[in-house]
Amino acid sequence: MFQSNVVEKCKANDRTAQLQLYRKYCDGMFIVAMRFVKNTDDAEDVLQESFIKAFQKLHQFKGDVTFGAWLKRIVINNCIDFLKSKKDNVVALDEGYMQVVEDDNNWNVPSTISIEQVRSAIDDLQSKYKYVVLMFLLEGYDHQEIAQVLNISESACRTRLLRGKGHLKELLKEKKYGTGS
């Protein structure tokens, strides 16, 4: 299998294999980084740091997930760290007051709303909601994975996703895109 052979060569510090792995994943991971940081230069910096970190920690890659999934998690973590470092004031959230919420898996919007309009509205969400919505909708992470990446509880993840969805619907209404509900 291509992936396991190349990864094993990379673990042995084979520069050709590292370049091969970089070329295979750089475009896709750049897109992931752009979804979070919204700036080409910043996305390139995050991507570079992510690959460096991945190659330094390649010994921790056990193969229980694909290399792409493992690398994607590193990229997302680096994006979140980068965005957090850009913020001057971070508000701590007391999760003790959060309640368990029921999942609402209905993310349907009318066909008159474009993907760009939804992405624009997601960009306008508060970061605590935006990261969860991005990771759930665009990256396909489940609550447990999101909770681990963001270092929050699963109930906080569910709450943020539900609230993020509500705020997203409100933003779409405010922008007069209409959500039908």
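Here is a short walk through this predicted model, stop by stop.

Before you start, note that residues are numbered from 1 along each chain as its sequence is written, and that side-chain values use heavy atoms, with hydrogens and water left out. Because the model is predicted, local features need pLDDT of at least 70 and side-chain atom pairs count only at pLDDT 80 or more, while totals for chains, interfaces and linings use all residues.

**The whole chain**

Show the cartoon first. The protein has eight helices and zero strands, so from the N terminus on the elements read α-α-α-α-α-α-α-α; helices (H or I, at least four residues) and strands (E, at least two) are DSSP runs, numbered from the N terminus. Now colour by accessibility. Of the 181 residues, 38% are buried, where buried means under 20% relative accessible area, exposed over 50%, and partly exposed in between (1.4 Å probe, protein chains only). For contacts (heavy atoms within 4.5 Å), take the pairs at least 6 apart in sequence: 68% of them join residues at least 24 apart.

**Loop after α1: N13**

Select N13, in the loop between α1 (2–11) and α2. Phi of N13 is near 70°, a positive value in a residue other than glycine. At 46% relative accessibility, N13 counts as partly exposed.

**Along α2: D27, then K38**

Move into helix α2 (residues 15–37) and pick D27. Is D27 buried or exposed? With a relative accessible area of 56%, D27 is exposed. Draw a distance from its C-alpha atom to that of L47: the two residues are 20 apart along the chain, and the separation is 9.6 Å.

Next select K38, in the loop between α2 and α3. K38 is not a glycine, yet its phi is positive, about 65°. Its relative accessible area of 40% makes K38 partly exposed.

**Where α3 meets α4**

Select residues 40–56 for helix α3 and residues 67–86 for helix α4. Two packed helices are described by the angle between their axes and the distance between the axes. Here the angle is about 130° and the axes are 9 Å apart. Axes are lines fitted to C-alpha atoms, for helices over the stretch in contact, and angles run from 0 to 180 degrees between N-to-C directions. The pair α3 and α4 is therefore oblique; angles under 35 degrees count as roughly parallel, over 145 as roughly antiparallel, 65 to 115 as roughly perpendicular and the rest as oblique.

Now show side chains. From α3 come D42, V46, E49, S50, F51, K53 and A54, and they meet W70, L71, I74, V75, N78, C79, F82 and K86 of α4. By class, this contact holds nine nonpolar, two polar and four charged residues. Ala, Val, Leu, Ile, Met, Phe, Trp, Tyr, Cys and Pro count as nonpolar, Asp, Glu, Lys and Arg as charged, and the others, Gly among them, as polar.

In the loop between these two helices, pick K57. K57 is partly exposed, with a relative accessible area of 33%. Measure across to K11: the two lie 46 residues apart in sequence and 9.1 Å apart in space, C-alpha to C-alpha.

**A buried glutamate: E139**

Jump to the loop between α6 (127–138) and α7 (143–150) and select E139. At 8% relative accessibility, E139 counts as buried. Which side chain does the side chain of E139 make a polar contact with? The partner is the side chain of R35, at 2.6 Å. A polar contact is a pair of N or O atoms within 3.5 Å; within protein, one must be able to donate a hydrogen and the other to accept it, and residues adjacent in sequence count only if both atoms are side-chain atoms. Leaving aside neighbours within four places in sequence, E139 is in contact with V32, R35, F36, K72, I76 and L134.

**Last stop: α7 and α8**

Finish with α7 and helix α8 (residues 154–174), which pack at an angle of about 105° with their axes 8 Å apart. They are therefore roughly perpendicular to each other. H143, Q144, I146 and A147 of α7 make the contact with E154, C157, R158 and L161 of α8. Among these residues are four nonpolar, two polar and two charged.
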